[in-house]
Amino acid sequence: MLRSIKKALAILAVCSTAMTTSALLSQQAVASEMKTINFGIITTDAQQNLRQRWQPMLDDLSEALGVPVKAYFAPNYAGIIQAMRFKKVDMAYYGNKSAIEAVDRANAEVFARYVGDDGLEGYYSVLLANSANDKINSLQDVIDQRASLNFGNGEPNSTSGFLVPNYYALAQNHISAHDFKRTVVAGHAANVMAVANNQVDVATNHTMNLIRIEKSNPELYKKLKVIWQSQLIPSDVMTWRKDIPEETKTKTRDFFLSYGKDGNPQALKNLKGLSWSGFAATDNNQLLPIRQMEAYKNLIETQDNPRLDDEEKQKRITKIQQELTTLSRQIDAVKG
């Protein structure tokens, strides 16, 4: 009996060693595969302009990591999320709303957020109208005239272009994008041009984009006016896939959190081109208030939905309220 037990323990020891060795070899294999890093960036502007703004910093990141870092452009957030899900993208820059999708669907993890050149770790969602339009000067004007207005909404995965304005400006006033004469869904750059050219009467956008337009295209900027501004939204985030090597994560985090902090003139110039002054550490907990906002928006839309019968409506409301309770507990835990 004792001999059998010893034999079984010896077999377990061999298996354990084999499994450990296999795990180490697997990690080494993953590490060796990181010969190139694809960094996902949504094309909110002409791709050539984005490349000019991003490439200098990505070149510095490449030097820090010792492997080429290539910009991976996609026309919308969904394209970047999908590419990350199928491991065509290793790291990516997201707004908070799209970061939630990436965390939930593409194994993403938040590790840093930008600090604006004004020192703020955030920005504002806005509603824009043409500066020559004297009939639309406030959110109340939009609410009152919505049935006759063309609305330029942001894409569904955009925090500032969709989630924030659709919740705070519309849902809290018990209206939605469906109440306008016509709603067109587009990215930030397209919505700016649509307002400037009177193709839509009002459209969503954000202050960081307006700052860039004011600097690069003053004539276009003069055609725009802000008629509503949100509360401060946490800055957009940098993410990586959870399954990339820990060594790569450590080097990447160190790079971003120290970038420009030593006063390096070139690094500061590169950051200025992005309208940023540096980066601050953060994690997935930053997304909790955004998740809460999304749940509140869903609650209001469910309560106002005339197509649901009472039983189905109450079922959905109960589920959302449970989600909100859980999120509130998580937020309170983070605050300590």
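In the predicted model, the N-terminal end of helix H3 is capped by Asn-76, a side-chain oxygen of which lies 3.3 Å from the backbone nitrogen of Ala-78. Helix H3 spans residues 77-85, and its buried residues are Tyr-77, Ile-80, Ile-81, Ala-83 and Met-84. Viewed down the axis of H3, these buried residues fall within an arc of 165 degrees, so they line one face of the helix. In an α-helix there are 3.6 residues a turn, so residues three or four places apart point the same way. Just after H3, the backbone at Lys-87 adopts a positive phi of about 65 degrees.

Two of the buried residues of H3, Tyr-77 and Ile-81, recur in the surroundings of Ser-98 and Asn-157. Ser-98 belongs to helix H4 and has a relative accessibility of 0%, which places Ser-98 among the buried residues. Apart from residues up to four places away in sequence, Ser-98 touches Tyr-77, Ile-81, Asn-157 and Thr-159. Asn-157 is located in the loop between strand E7 (150-153) and helix H6 (159-170). With a relative accessible area of 14%, Asn-157 is buried, because the cut-off for burial is under 20%. When neighbours within four places in sequence are set aside, the contacts of Asn-157 are with Tyr-77, Ala-78, Ile-81, Lys-97, Ser-98 and Glu-101. Ala-78, one of these contacts, is also the residue whose backbone nitrogen is approached by the side chain of Asn-76 in the cap of H3.

Helix H4 (residues 96-105) also packs against helix H12 (residues 288-303), the two axes coming within 9 Å and crossing at roughly 100 degrees. H4 and H12 are therefore roughly perpendicular to each other, since angles of 65 to 115 degrees are classed in this way. On the H4 side, the contact is made by Asn-96, Lys-97, Ile-100, Val-103 and Asp-104, which meet Ile-290, Arg-291 and Glu-294 of H12. By residue type, the contact of H4 with H12 comprises three nonpolar, one polar and four charged residues. Lys-97 takes part in this contact and is also in contact with Asn-157.

A further spatial relation concerns Thr-326, in helix H13 (residues 310-335). Thr-326 has a relative accessibility of 41% and counts as partly exposed. The C-alpha atoms of Thr-326 and Gln-292 are 9.5 Å apart in space, while the two residues are 34 residues apart in sequence.

Methods
Residues are numbered from 1 along each chain as its sequence is written. This is a predicted model: local features need pLDDT of at least 70, side-chain atom pairs count only at pLDDT 80 or more; totals for chains, interfaces and linings use all residues. Side-chain values use heavy atoms; hydrogens and water are left out. Buried means under 20% relative accessible area, exposed over 50%, partly exposed in between (1.4 Å probe, protein chains only). Helices (H or I, at least four residues) and strands (E, at least two) are DSSP runs, numbered from the N terminus. The arc is that of the directions from the helix axis to the C-beta atoms. A polar contact is a pair of N or O atoms within 3.5 Å; within protein, one must be able to donate a hydrogen and the other to accept it, and residues adjacent in sequence count only if both atoms are side-chain atoms. Axes are lines fitted to C-alpha atoms, for helices over the stretch in contact, and angles run from 0 to 180 degrees between N-to-C directions. Angles under 35 degrees count as roughly parallel, over 145 as roughly antiparallel, 65 to 115 as roughly perpendicular and the rest as oblique. Contact means heavy atoms within 4.5 Å. Ala, Val, Leu, Ile, Met, Phe, Trp, Tyr, Cys and Pro count as nonpolar, Asp, Glu, Lys and Arg as charged, and the others, Gly among them, as polar.
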